[in-house]
Amino acid sequence: MNHEQSDERDHVDALLAQWARERPDLDCWPMAIFGRVARMAALAGRDIDEGIKEQGLASGEFDVLATLRRAGEPLTPTALYQSTMLTSGAMTARLDKLERQGWIARQPSPCDRRSLLVALTDEGRAVIDKAVAAHVHNEWRLLAPLSEAEQRQLADLLRRWLRAYE
């Protein structure tokens with residue numbers, strides 16, 4: 001199969017050339033996509049985690065605070081741990097820490113007296129608003145090598161692939 005290639009070579013091109021030399025019978029083209037997606041996730045993830053750390057947050061704390069902020073209302077611990085893919089025990093420990101820092105408050109649910117709701121405090125809202133602004137700025141920086149049209153095309157292609165498998 002003929003696969004178009006840019007004049008600009010990267011780490012994945014070197015791996016593909018090695019496979020082509022060692023296994024010419026095997027079309028390793030999918031590695032061009034998945035290898036780059038994996039390297040992009042690793043490289044961007046490192047920068048994103050560092051940016052969150054610079055805001056005084058661990059990535060898990062950021063996830064919980066951001067989930068509460070974008071929800072726009074208090075959530076149950078169950079909704080939080082499901083949205084962040086944590087165990088309930090891990091979520092409880094994370095909520096305990098965030099509560100000690102004064103960034104969240106647990107309050108009784110008006111609908112179910114056996115349940116609690118988790119809400120951002122004013123201080124927690126200020127912390128996450130500052131952190132998410134820095135986070136988005138960092139993501140824009142990471143996308144800078146691509147034009148706006150390329151960014152949209154990449155987002156569309158990734159969406160199409162994810163919809164087929166989610």
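In the predicted model, Gln55 is placed in the loop that runs between H2 and H3. Its relative accessibility of 23% puts Gln55 in the partly exposed class, because buried residues are those under 20%. When neighbours within four places in sequence are set aside, the contacts of Gln55 are with Lys130, Ala131 and Ala134. Lys130, Ala131 and Ala134 fall within the range of helix H6, which spans residues 122-143. A residue further along the chain, Ala149, is 94 positions from Gln55, and the two C-alpha atoms are separated by 31 Å.

Another loop residue, Arg23, is located between helix H1 (11-22) and H2. Arg23 is partly exposed, at 35% relative accessibility. Its side chain and that of Asp25 are joined by a polar contact of 2.7 Å. For Arg23 and Leu117, which are likewise 94 residues apart along the chain, the separation between C-alpha atoms is 57 Å.

Salt bridges were then counted over the model, and the total comes to eleven. One of these is formed by Glu22 and Arg21, whose closest N and O atoms are 2.9 Å apart. Glu22 and Arg21 are both exposed. A second pair consists of Asp47 and Arg141, with a distance of 3.0 Å from N to O. Since Asp47 belongs to helix H2 (residues 30-54) and Arg141 to helix H6 (residues 122-143), this salt bridge ties together parts of the chain that are 94 residues apart in sequence. Both partners are partly exposed: the relative accessibility is 26% for Asp47 and 45% for Arg141.

A further salt bridge connects Glu61 and Lys97, where the closest N and O atoms are 2.9 Å apart. Glu61 is in helix H3 (residues 59-71) and Lys97 is in helix H5 (residues 88-100), so that parts 36 residues apart in sequence are tied together by the pair. The two partners fall into separate accessibility classes. Glu61 is buried, with a relative accessible area of 5%, whereas Lys97 is partly exposed at 38%. The 5% of Glu61 counts as buried because that class takes values under 20%. Salt bridges also occur as a network, which links Asp10, Asp13 and Arg36.

The nonpolar surface was examined next. Trp29, Ile33, Phe34, Val37, Leu158, Trp161, Leu162 and Tyr165 make up a nonpolar surface patch of about 800 Å². H2 and H7 are the elements that contribute two or more residues to this patch. H7 supplies the largest share, with four residues. One of the patch residues, Val37, lies in helix H2 and is partly exposed, its relative accessible area being 42%.

Helix H7, which covers residues 148-165, also contains Gln151. Gln151 is buried, at 17% relative accessibility. The side chain of Gln151 reaches the backbone oxygen of Leu143, at a distance of 3.3 Å. Leu143 is also among the residues that Gln151 touches once residues up to four places away in sequence are left out; the others are Trp140 and Leu146.

In the strand region, Ser109 occupies the loop between strand E1 (104-108) and strand E2 (116-120). Ser109 is buried, with a relative accessible area of 13%. With neighbours within four places in sequence excluded, Ser109 is in contact with Ser115, Leu116 and Leu117. Leu116 and Leu117 fall within the range given for strand E2.

With regard to database annotation, an unreviewed UniProt entry assigns "domain: HTH marR-type" to residues 30-163. Over residues 30-163, helix accounts for 72% of the chain and strand for 7%. The C-alpha atoms at the two ends of this range are 18 Å apart.

Notes: Residues numbered from 1 in each chain as written. Predicted model: local features only at pLDDT ≥ 70, side-chain atom pairs only at ≥ 80, totals over all residues. Heavy atoms only, no water. Salt bridge = Lys/Arg side-chain N within 4 Å of Asp/Glu carboxyl O. Buried < 20%, exposed > 50% of the residue type's maximum accessible area, 1.4 Å probe, protein only. UniProt positions renumbered as here; feature names shortened; annotations may be inferred. Polar contact = N/O pair within 3.5 Å; in protein donor to acceptor, adjacent residues only side chain to side chain. Contact = heavy atoms within 4.5 Å. Patch = residues over 30% accessible without salt bridge, like charges linked within 9 Å, V, L, I, M, F, W, Y side chains within 5 Å. Areas by Shrake-Rupley, 256 points an atom, 1.4 Å probe, with all protein chains shown as cover.
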